[in-house]
Amino acid sequence: MSYKFPPSDADEVLTLDDITKTYFLFAHPTDRIKQWLFGPSKTYYEAIKALHSTTFSVKRGETVAIIGKNGSGKSTLLQIIAGTLPPTSGTLKLNGKIAALLELGSGFNPEFTGIENIHINAAILGLTKPEIEGKLDSIIQFSGIGDAIYHPVKTYSSGMFVRLAYAVTTATNPDILIVDEALAVGDERFQRKCFAHMEDFRSRGGTILFVSHSMPTVLELCNRAILIDQGEILLDASPKQVVSLYHKLLFAPTEHQLKIREAIRSQTAVSADTNFSLLAQQPIGETVLESHFDPSLIPETTISYQSSGAEILNVSITDMDGKPVNMLLPRHPYKVDYVVRFDHVAPGLMCGMMIKTKSGVHIGGKSTLIPTDICHTLVAGSHLNVSFTFTCLLAPDIYFLNCGCSGTIGQESTFLHRIVDAAAFKVLPEIDISPSGIVDFLIEPSFTLAS
């Protein structure tokens, strides 16, 4: 699909001026009637501000990331920009057609075929019947769902549904494209096709508002980022600086977050082109990230295998002083500790641990034979303390831990007990170091002037 963007004297395609969104929550249905009857003289509702005096503009050809924690106000902001939600106050100016990839396929009828839904949805999005017919083949080809296009949408997988909805939405030839995490539903090949499409769209002068929790994607795709928190814009700057400070806010201990938030918010008057290097290098609010334990970080995917003569107990990650932690600092040493209780002792005893990504990729671990002198002392009912020391050479993200104990039963080595996703931990960011990928290889740059 190709795009042509109308010439315009205005460089800005989107301007928000003092946009506010307030939701009025009534405890009972009758309170709405009371409020209507008595007016402002009495209040029967609770006012919840989702957006506070939001002001910014976006220029033609920019790719701007909107980032923030869940519940920060990103969805409300995007819906107002897309025109599906009215603001409570403030003004919004658009200079061009907008296409929002939010809640993809919300206008689809599950009983109709893909072809029928293309016609209906494209008409809702403003295309005429001749335009739809002219784009039909390219929409079907881009979706890549084959003969399923002739089947009812209710038979589609979530990935097929998103493919078709994306293809229809982008066929409207927008000037501004709003993209959120909906694309994460598609498989890797389709995601790559979507990003290639966005790169082509941007190269032709299109403007993109991109919302994602994938910070590597933000750094790769965007040339500007806006950090929003509690309905308020905290920072509008380069993606690298915004992501670094967002990580500092996101991973900070609860008692430090308010101070860090206020320090970031105080920079909002600074231009997005300003050099934030000094700010990034300083411990904001005189706080320093520390290893600590977050009780909310408990894996919901833990699987404990059937015991075959042993049981793993009390899995924990600790610092070198023995304090339990699950928020880890890069390049610091930690220990994985657990206890193995034996119902009976098998030969060839081994204990191990494995660290994985959140997608299940095994990064590294260790399995080792229990020393012979210790094995000789083990009997039914014995408890063995197991400890693995490791250095955290991982990029900031969330990771999971497997633990296992094996022995020889019959002629084969088999697990006596194993726990998958026994624990979870996050690696905190370092403001002045930005490793790429998963593993930090301790790469040290050096620079010298050529003679």
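1. Of the 451 residues in the chain, 44% count as buried. The model is predicted, so read every value below as computed from it.

2. The chain holds eleven helices and 18 strands. Take the contacts between residues at least 6 apart in sequence: 73% of them join residues at least 24 apart.

3. On the outside, the chain exposes about 23,500 Å². Carbon and sulfur atoms supply 54% of that area.

4. Which residues make the nonpolar surface patch of about 530 Å²? They are Ile33, Trp36, Leu37 and Phe38. Trp36 belongs to helix H1, which covers residues 29-38. Is tryptophan 36 buried or exposed? Tryptophan 36 counts as exposed, because its relative accessibility is 70% and the cut-off for exposed is over 50%.

5. Now an open sheet with strand E1 in it. Three strands line up in the order E2-E1-E4, and the pairing is antiparallel. Which strands stand at the edges? They are strand E2 (45-59) and strand E4 (89-94). Each has a single partner strand, so one side of each is left without a neighbour in the sheet. From one strand to the next, the twist averages 20 degrees.

6. Look at the pairing of E1 with E4. Strand E1 spans residues 12-26. How many bridges link E1 and E4? There are five, in the antiparallel sense. Across this pair, threonine 20 stands opposite serine 89 in E4.

7. Another open sheet also has three strands. Its order is E11-E13-E16, with antiparallel pairing. Strand E11 (310-318) and strand E16 (383-391) are the edge strands. Each of these two pairs on one side only. Here the twist from one strand to the next averages 20 degrees.

8. Within that sheet, follow E11 to its partner. Strand E13 covers residues 333-342. Seven bridges join E11 to E13, and the two run antiparallel. What does isoleucine 317 face across the pair? Isoleucine 317 stands opposite valine 336 in E13.

9. Places to check on the structure above. For the surface, start with Trp36 in helix H1 and the patch it shares with Ile33, Leu37 and Phe38. For the sheets, find threonine 20 opposite serine 89, then isoleucine 317 opposite valine 336. For the edges, trace E2 and E4 in the sheet E2-E1-E4, then E11 and E16 in the sheet E11-E13-E16.

Note on methods. Residues numbered from 1 in each chain as written. Predicted model: local features only at pLDDT ≥ 70, side-chain atom pairs only at ≥ 80, totals over all residues. Heavy atoms only, no water. Patch = residues over 30% accessible without salt bridge, like charges linked within 9 Å, V, L, I, M, F, W, Y side chains within 5 Å. Areas by Shrake-Rupley, 256 points an atom, 1.4 Å probe, with all protein chains shown as cover. Salt bridge = Lys/Arg side-chain N within 4 Å of Asp/Glu carboxyl O. Helix = DSSP H or I, 4+ residues; strand = E, 2+ residues; numbered from the N terminus. Buried < 20%, exposed > 50% of the residue type's maximum accessible area, 1.4 Å probe, protein only. Pairing = 2+ DSSP bridges. Axes fitted to C-alpha atoms, helices over the stretch in contact; angles between N-to-C directions. Contact = heavy atoms within 4.5 Å.
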